[in-house]
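Got the viewer open and a few minutes to spare? Follow along and click as we go.

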Amino acid sequence: MSVGAAIFVKTPGLSPLKTRLAAAIGTAAATAWYRAAAAATGAVTQRVATLAPYWAVAEDPAASGSAWPGLPLLAQGAGDLGARMGRVHTMLVERHGAGLLLGADTPQLDPAVLARAAAWLDDPAPHLVMGPARDGGFWLIGANRLLDETAWTEAPCGTAETAAGFRAAMAGAGAWLELPPLTDVDERADLAPMLAELAQLAAPLPAQQLLADASRAYIG
């Protein structure tokens, strides 16, 4: 079984993105960083043979599709982030039997870690997986079962309690695997720890190396 993996993205020029990072390094630089981070994340997912990756776009795919080449597109649809995550996860489970959701702002991913998550979900027993972020959120979440809508919408997003809230809302849905924590880049101060985590990879991909070179120029 190939596990579906959706990378959540916003399209430059159509939606505001990385506003806190942009406040520190400028909109053009933040947009360039975001494009490079998304490209690195996409490259990592494509390296894992047991994943079927997609771009999950925040806008109408007909308007944004040309900005996201190389992978099939899924529409996040309307609603808050939790509702959109639930909708995309449902699509992945219906197509593949299991689904992973990832952000585009933790490009220091290790293909081996993603392969471990996919193997965990390729199991007949109910399984869930989370990759916690150091700010209290998460950089990855997924399951091999359809989950109730409330499991995605009860917990607030974007707080220091987001990961804990989602774990609580999904309690009883299956056994959990927790992956190593990573730094998701929201502001300039996150770039240095992200680079430190990227430097720990045994074999970073070319797209990750390009991102690292670009990121060093923005560290204050």
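**First stop: an arginine and its neighbours**

Select Arg84 and Gly79: a polar atom of the Arg84 side chain lies 3.0 Å from the backbone oxygen of Gly79. Before moving on, bear in mind that this is a predicted model, where local features need pLDDT of at least 70, side-chain atom pairs count only at pLDDT 80 or more, and totals for chains, interfaces and linings use all residues. Residues are numbered from 1 along each chain as its sequence is written, and side-chain values use heavy atoms, with hydrogens and water left out.

Now colour by secondary structure and you'll find Arg84 in helix H4, residues 81-96. (Helices are DSSP runs of H or I with at least four residues, strands are runs of E with at least two, and both are numbered from the N terminus.) Is Arg84 buried or exposed? It counts as buried, at 17% relative accessibility; buried means under 20% relative accessible area, exposed over 50%, and partly exposed in between, with a 1.4 Å probe and protein chains only.

Show what surrounds Arg84: leaving out residues up to four places away in sequence, Arg84 touches Phe8, Gln76, Gly77, Ala78 and Gly79. Contact here means heavy atoms within 4.5 Å. Next, pick Trp152, which is 68 residues from Arg84 along the chain, yet their C-alpha atoms are 8.6 Å apart.

**Second stop: a serine in a loop**

Jump to Ser15, in the loop between strand S1 (3-9) and helix H1 (19-25). Ser15 is buried too, with a relative accessible area of 19%. Add Glu59 to your selection: the two side chains make a polar contact at 2.5 Å. (That term covers a pair of N or O atoms within 3.5 Å; within protein, one must be able to donate a hydrogen and the other to accept it, and residues adjacent in sequence count only if both atoms are side-chain atoms.) Beyond its neighbours within four places in sequence, Ser15 is in contact with Lys10 and Glu59.

**Last stop: zoom out**

Select the whole protein chain, which has 9 helices and 7 strands. Its radius of gyration is 16 Å, close to the 17 Å that the globule rule gives for 220 residues, so the chain is as compact as a globular protein of that length. The radius is taken over C-alpha atoms, and the rule is 2.2 Å times the number of residues to the power 0.38. Turn the chain around: along the principal axes, its C-alpha atoms fill a box of roughly 45 × 40 × 35 Å. Of the 220 residues, 52% are buried.
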